[in-house]
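This report covers the strand pairing, the helix packing, the nonpolar cores and the annotated positions of one model. Please keep the sequence and structure at hand while reading.

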Amino acid sequence: MTRLADTFAKAAAENRAALVAFVTAGDPTPAATPAILDALVAGGADVIELGMPFTDPMADGPAIQAANIRSLAAGTRTAHILAIATEFRARHPHVPLVLMGYANPMLRRGSDWFGQACAAAGVDGVICVDIPAEEDEALGSSLRAHCVAPIRLATPTTDARRLPAVLEGAGGFLYYVSVAGITGLQQAAQASIEDAVARLKGQTDLPVAVGFGIRTPDQAAAVARVADGVVVGSAIVDLVAQYGADAPAPVTAYITSLADALASARKVSA
């Protein structure tokens with residue numbers, strides 16, 4: 001959890017939003033994933049989200065659905081993901097790593113096993129899409145017991161009555177899903193993002209990172225002017241789909257363009 005707090009604090013001190021970058025573990029193969037993760041770091045990503053492939057990724061659009069299928073077809077298992085995380089932590093001791101996925105793979109061997117395995121691999125936080133805050137005991141308590149942050153999702157339909165339950169026991173950062181839909185091309189109007197971020201920041205001291213539908217440097221910069229973090233996923237996954245094992249170079253170039261946009265987003269023109 002300290003790595004996440006330190007990273008968002010560093011970005012805030014530099015007057016910029018943190019860049020959170022997502023890829024699917026094992027896409028195109030488990031052996032190819034480490035180089036793609038290194039490319040994200042080389043390009044300037046502050047936080048890495050590593051997706052755990054699942055057969056029914058209900059919150060994800062076509063790009064990440066296809067990445068899940070490619071990964072599973074390549075034989076990716078939880079053991080591979082934990083090994084990738086462990087090796088990443090050895091190479092990048094200060095870069096936060098978050099696992100994102102669904103309950104079935106996380107709870108298959110029990111929540112305590114999973115929390116302990118995450119801690120041993122150097123994972124800083126976990127986003128579980130399909131365990132609601134009201135069912136925190138299914139996973140959240142085990143994560144906290146092993147000092148792994150349960151990162152919660154808020155959406156445009158998370159109203160004032162439910163928000164306290166979402167924030168209770170949450171850690172790391174609050175992930176604001178800016179559209180009531182799946183990952184991919186759709187992006188919320190900037191005004192609605194600004195209103196939502198202001199409302200959420202009024203209720204929590206956690207950093208607020210905004211994702212879903214952010215693909216271009218201009219889109220990232222607009223969100224970065226109000227949010228503590230900007231999450232980009234499908235556009236990176238598209239590059240992996242296009243280039244396969246040769247993805248690291250184009251991924252680094254793309255991430256650099258986003259990082260540059262975030263670095264200048266809040267600067268006032270002379």
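Strand β4 (residues 125–128) runs parallel to β5, and two bridges join them. G125 stands opposite A149 in β5. Two strands count as paired if DSSP finds at least two bridges between them; helices (H or I, at least four residues) and strands (E, at least two) are DSSP runs, numbered from the N terminus.

The model is predicted: local features need pLDDT of at least 70, side-chain atom pairs count only at pLDDT 80 or more, and totals for chains, interfaces and linings use all residues. Residues are numbered from 1 along each chain as its sequence is written, and side-chain values use heavy atoms, with hydrogens and water left out.

The pairing of β4 with β5 belongs to an open sheet of nine strands with parallel pairing, in the order β5-β4-β3-β2-β1-β9-β8-β7-β6. Because β5 (149–150) and β6 (153–154) stand at the edges, each has a single partner strand and one side without a neighbour in the sheet.

Helix α11 (residues 234–243) lies across β1 (18–24) and β9 (229–232), at about 45 degrees to β1. Such angles run from 0 to 180 degrees between N-to-C directions, with axes fitted to C-alpha atoms, for helices over the stretch in contact. In helix α10 (residues 217–224), A220, A221, A222, V223 and A224 are buried, that is, under 20% relative accessible area (exposed is over 50%, partly exposed in between; 1.4 Å probe, protein chains only). Their cover includes α9 (190–201), β8 (208–211), β9 and α12 (248–264).

A nonpolar core is a set of buried Ala, Val, Leu, Ile, Met, Phe, Trp, Tyr and Cys residues joined through side-chain atoms within 4.5 Å. The largest has 68 residues, of which L40, V126 and I255 touch the most other members. Helix α12 gives the most to this core, with seven residues. Apart from it lies another core, of 22 residues, including F173 and F212.

UniProt, in an unreviewed entry, lists E49 and D60 under "active site"; such annotations may be inferred rather than shown by experiment.

| Residue | Location | Relative accessibility |
|---|---|---|
| E49 | strand β2 (residues 47–51) | 0%, buried |
| D60 | loop between β2 and α3 (62–73) | 10%, buried |

Leaving aside neighbours within four places in sequence, E49 is in contact (heavy atoms within 4.5 Å) with residues including V20, F22, M100, F173 and Y175.
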